[in-house]
Amino acid sequence: MDFSAVVFYVFSILIIGSAVIMVFAKNIVHSAFALMFTLAGLALFYALLYAGFVAVTQLLVYVGGILVLILFGVMLTTRGYFEKVRTRTVNLLPSTIFVAIIGVLLIAVFVTTEWTKMPLEDGQVTMTGLGELLLTDFMLPFQVTGVLLLLAIIGAVLMASRARMPQQPPHAEQPDRPEDEPKNIP
Amino acid sequence: MVLPEWLAEPGLNHFLVVSAVLFSFGLLAVISRRNIIMVLMGIELILNSANLNFVAFSRYGLLSLEGHMIALFVIIIAAAEAAVALAIALNIYNRFGSVDVEQISELKE
């Protein structure tokens, strides 16, 4: 058995196991940390597939950025320090059956299709080729992605700061609701 | 110990199967968990499984470096999506006092 095969099986067990923990954990913080293990294992898979730059980007952006963002989201959308972190799971049985059917179908399609395969070549440095592609064939997507990121930053800052500012009105309007409801009943 | 050939060497199908399993769990998180942040995490898992497919095809299939390129763009767009989605989640929490997606049933008050 090859060394890469051992690495593949160990880390596929780690990735799938932490994905299971992520879906079924009661505490959402545990889910976030399980997601971290899944993402880091996927970065190792990219390295195994000779995609070094994608692996590094995965570590930097996902594990270093998006996961921290998600943890901030968990922190800002829970009430107390330790209460209400638990979340509900609904329709577990039907959705599990549905998802299992979809997964089995996908795996069947993937395994039975005869993919066109290239002869395997040794890994090489991908960063040079990626940089050249970025400035030739992928020039337009590159620029559009820059604009998209700018728009996302502006939109996120605008929405998040607007969410902070009128903190009084939603709480001030809360007592109105119980007063409104008795009026409607008679 | 002699292993069958498909077990001894991880090929394209192995990575595709892992990505299909990840996609299924991401879908399960999206449709069965009720916290909006859990739904977001499920979406990240689905995007990652798609990324794994792209990179696997660029190693074993006909996509060469373009697969890496598409994976990079997917990562960037996932980062933008996470930022905007968390801002929306914050807004929803301030307005409704909860991030349960079943209680968010009205567009205007």
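These legends accompany close-up views of a predicted model with chains A and B.

**View 1. Chain A is a run of helices.** Chain A has 8 helices and 0 strands. From the N terminus on, its elements read α-α-α-α-α-α-α-α. Of the 186 residues in chain A, 30% are buried. Contacts between residues at least 6 apart in sequence were also sorted by separation: in chain A, 56% of them join residues at least 24 apart.

**View 2. Confidence varies along chain A.** The mean pLDDT of chain A is 83, and 82% of its residues score at least 70. Helix H2 of chain A (residues 28–48) has the highest confidence, at a mean of 93. Helix H8 of chain A (residues 176–184) has the lowest, at a mean of 48. Residues 172–186 of chain A have a pLDDT below 50. Beyond near neighbours in sequence, this stretch makes 4 contacts in the model.

**View 3. The largest nonpolar core draws on helices of chain A and chain B.** This core has 64 residues. Chain A gives two or more residues from each of helices H1 (3–24), H2, H3 (52–76), H4 (92–112) and H5 (127–135). Chain B does so from helices H2 (12–32), H3 (36–60) and H4 (65–96). Two domains of chain A, domain 1 (1–87) and domain 2 (125–165), each supply at least three residues. In soluble globular proteins, nonpolar side chains tend to be buried together.

**View 4. Met22(A) and Met41(B) have the most contacts inside the core.** Met22(A) touches Met41(B) itself. Other partners of Met22(A) in chain B are Ala29(B), Arg33(B), Met38(B), Gly42(B) and Leu45(B). Within chain A, Met22(A) touches Ser31(A), Ala34(A) and Leu35(A). These lists leave out residues up to four places away in sequence.

**View 5. Chain B meets chain A across an interface of about 7500 Å² buried area.** Carbon and sulfur atoms give 75% of that area. The contact involves 78 residues of chain B and 86 residues of chain A. On the chain B side, Arg33(B), Met41(B) and Arg59(B) lose the most area to chain A. Together they account for 9% of what that side buries. The salt-bridge count between chain B and chain A is 0.

**View 6. Arg34(B) and Glu102(B) form a salt bridge within chain B.** The N to O distance is 3.5 Å. Over all chains, the count is 1 salt bridge. Arg34(B) sits in the loop between H2 and H3 of chain B, while Glu102(B) lies in the segment after H4 of chain B. The pair links distant parts of the chain, 68 residues apart. Arg34(B) counts as buried because its relative accessibility is 12%, under the 20% cut-off. Glu102(B) has 45% relative accessibility, so it counts as partly exposed.

**View 7. Tyr50(A) has a positive phi.** The angle is about 60°, although Tyr50(A) is not a glycine. Most residues other than glycine have a negative phi. Tyr50(A) is placed in the loop between H2 and H3 of chain A. Tyr50(A) counts as partly exposed, because its relative accessibility is 41%.

**View 8. Glu132(A) is an exposed residue in helix H5 of chain A.** Its relative accessible area is 53%, so Glu132(A) counts as exposed. Leu148(A) is 16 residues from Glu132(A) along the chain. The C-alpha atoms of these two residues are separated by 22 Å.

Methods:
Residues are numbered from 1 along each chain as its sequence is written. Chains are lettered from A and ligands numbered from 1 in the order in which they are written. This is a predicted model: local features need pLDDT of at least 70, side-chain atom pairs count only at pLDDT 80 or more; totals for chains, interfaces and linings use all residues. Side-chain values use heavy atoms; hydrogens and water are left out. pLDDT is the predictor's confidence in each residue, from 0 to 100. Helices (H or I, at least four residues) and strands (E, at least two) are DSSP runs, numbered from the N terminus. Contact means heavy atoms within 4.5 Å. A nonpolar core is a set of buried Ala, Val, Leu, Ile, Met, Phe, Trp, Tyr and Cys residues joined through side-chain atoms within 4.5 Å. Buried means under 20% relative accessible area, exposed over 50%, partly exposed in between (1.4 Å probe, protein chains only). Domain bounds come from an automatic or database domain assignment. Buried area is the accessible area (1.4 Å probe) that two parts lose on being put together, summed over both. A salt bridge is a side-chain nitrogen of Lys or Arg within 4 Å of a carboxyl oxygen of Asp or Glu.
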